[in-house]
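Subject: Handing over the structure

Dear colleague,

I am passing this structure on to you, and what I found in it follows below the display. Please have it open beside you as you read.

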Amino acid sequence: MKFKNPFSDLSKFELSLWLTSVFVIIGSFILSSGNGIASTIASLIGVTALIFIAKGYIIGQVLCVIFALLYGIISLHFKYYGEMITYIFMSAPAAIAAIISWLRHPYKDTKEVEISRLSKFKWIMMIPTTLAVTVLFYFLLDFLGNANLIISTISITTSFAASYLLFFRSPYYAVAYSSNDIVLIVLWILASIEDISYIPMIFCFIMFLANDIYGFVNWKRMQKRQKE
């Protein structure tokens, strides 16, 4: 089977968005005096994952697993236990589950996943499930002495909702992730005040926000095209 470069499937806009994300993240690394190499590598993997998720490609989920593990390690170093637990024990397994789900639901014989419309039952079930996870993690993080407890708890809420929606192949995953990006921008600004090496993480999630906004727009476009 001949290997095809997945970047060749990106439109001019998608390639421009990805390259802009890469340049911004590398630029932030340079501005932070070359500190935060691990944060920079994780950020580059993350924005690459998002551009392919925006296209509905499984490779995006594979890269998400790698990003989740790296980001969890970085978060542990700054005592953001909530982020570490969320990404290593929730986001990474959720991405693996999503890979299986997406493999089972391709759109015809393309690389694209089949977009789904959530039933009322799934929407209703998301509310108590997300609430239960939020309460559980709040007390767990409080016990662990997590830095910036409230913001970290909100991050868990939005991250879990996004993983839930992404597993069920809903375009609204991007809305939840966009909310999560905003929370994480605040979280890493607070971290960077104490340690400049975390500046790349701020720009990482700024570009994540741009990619997630595009992801929502493109998934709605894909949903309409698939329906037709």
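The sulfur of cysteine 204 lies 11 Å from the closest cysteine sulfur, which belongs to cysteine 64, and that is too far for a bond. Please keep in mind here and throughout that this is a predicted model. A disulfide is a covalent bond between the sulfur atoms of two cysteines. The cut-off applied is a pair of cysteine sulfur atoms within 2.5 Å, and by this rule the count comes to zero disulfides. Seen from the other side, cysteine 64 is in no disulfide either, its nearest cysteine sulfur being that of cysteine 204 at 11 Å. As for their surroundings, cysteine 64 is buried, with a relative accessible area of 16%, and cysteine 204 is buried as well, with a value of 0%.

I turn next to the packing of helices 4, 5 and 6, taking each pair in turn.

The axes of helix 4 (residues 81-104) and helix 5 (residues 120-144) come within 9 Å and cross at roughly 130°, and the two helices are therefore oblique to each other. Their crossing is right-handed. On the side of helix 4 the contact is formed by Tyr81, Gly82, Ile85 and Thr86, which meet Phe137, Leu140, Leu141 and Leu144 of helix 5. Sorted by character, the residues of this contact between helix 4 and helix 5 are six nonpolar and two polar, with no charged residue.

The axes of helix 4 and helix 6 (residues 149-167) also come within 9 Å, but here they cross at roughly 5°, which makes helix 4 roughly parallel to helix 6. Helix 4 contributes Gly82, Glu83, Thr86, Met90, Ser91, Ala94, Ala97, Ala98, Ser101 and Trp102 to this contact, while helix 6 contributes Ser152, Ser155, Ile156, Ser159, Phe160, Ser163, Leu166 and Phe167. The residues of the contact of helix 4 with helix 6 divide into nine nonpolar, eight polar and one charged.

Helix 5 and helix 6 complete the set, packing at an angle of about 150° with their axes 9 Å apart, and helix 5 passes helix 6 in a right-handed crossing. Among the residues that meet here are Trp123, Met126, Val133, Phe137 and Leu141 in helix 5, and Leu149, Ile156, Phe160, Ala161 and Tyr164 in helix 6. Taken as a whole, the residues of the contact of helix 5 with helix 6 divide into 14 nonpolar, six polar and two charged.

Some single residues also deserve your attention, beginning with one from helix 4.

Which residues does serine 101 touch, once its neighbours within four places in sequence are left aside? Serine 101, which lies in helix 4 and counts as buried at 8% relative accessibility, is in contact with Phe167 and Arg169. Arginine 169 is itself found in the loop between helix 6 and helix 7 (173-194), and this arginine is buried, with a relative accessible area of 10%. The phi angle of arginine 169 is near 60°, a positive value in a residue other than glycine. Lysine 108, in the loop between helix 4 and helix 5, likewise has a positive phi, near 55°, but lysine 108 counts as exposed, at 64% relative accessibility.

Phenylalanine 52 has its place in helix 2 (residues 37-54) and is buried, with a relative accessible area of 0%. Not counting residues up to four places away in sequence, phenylalanine 52 touches Pro6, Phe7, Leu10, Tyr57, Ile59, Gly60 and Leu63. Of these, leucine 10 is 42 residues away from phenylalanine 52 along the chain, yet their C-alpha atoms are separated by 8.4 Å.

Lastly, aspartate 9 is found in the segment before helix 1 (12-31) and is buried, with a relative accessible area of 19%. Leaving aside its neighbours within four places in sequence, aspartate 9 is in contact with Lys4, Glu14, Lys55, Tyr57 and Lys111. Lysine 111 is 102 residues from aspartate 9 in sequence, while the two are 10.0 Å apart in space, C-alpha to C-alpha.

With best wishes

Note on methods
Residues are numbered from 1 along each chain as its sequence is written. This is a predicted model: local features need pLDDT of at least 70, side-chain atom pairs count only at pLDDT 80 or more; totals for chains, interfaces and linings use all residues. Side-chain values use heavy atoms; hydrogens and water are left out. Axes are lines fitted to C-alpha atoms, for helices over the stretch in contact, and angles run from 0 to 180 degrees between N-to-C directions. Helices (H or I, at least four residues) and strands (E, at least two) are DSSP runs, numbered from the N terminus. Angles under 35 degrees count as roughly parallel, over 145 as roughly antiparallel, 65 to 115 as roughly perpendicular and the rest as oblique. A crossing is left-handed if the near helix is turned anticlockwise from the far one by less than a right angle, and right-handed if clockwise. Contact means heavy atoms within 4.5 Å. Ala, Val, Leu, Ile, Met, Phe, Trp, Tyr, Cys and Pro count as nonpolar, Asp, Glu, Lys and Arg as charged, and the others, Gly among them, as polar. Buried means under 20% relative accessible area, exposed over 50%, partly exposed in between (1.4 Å probe, protein chains only).
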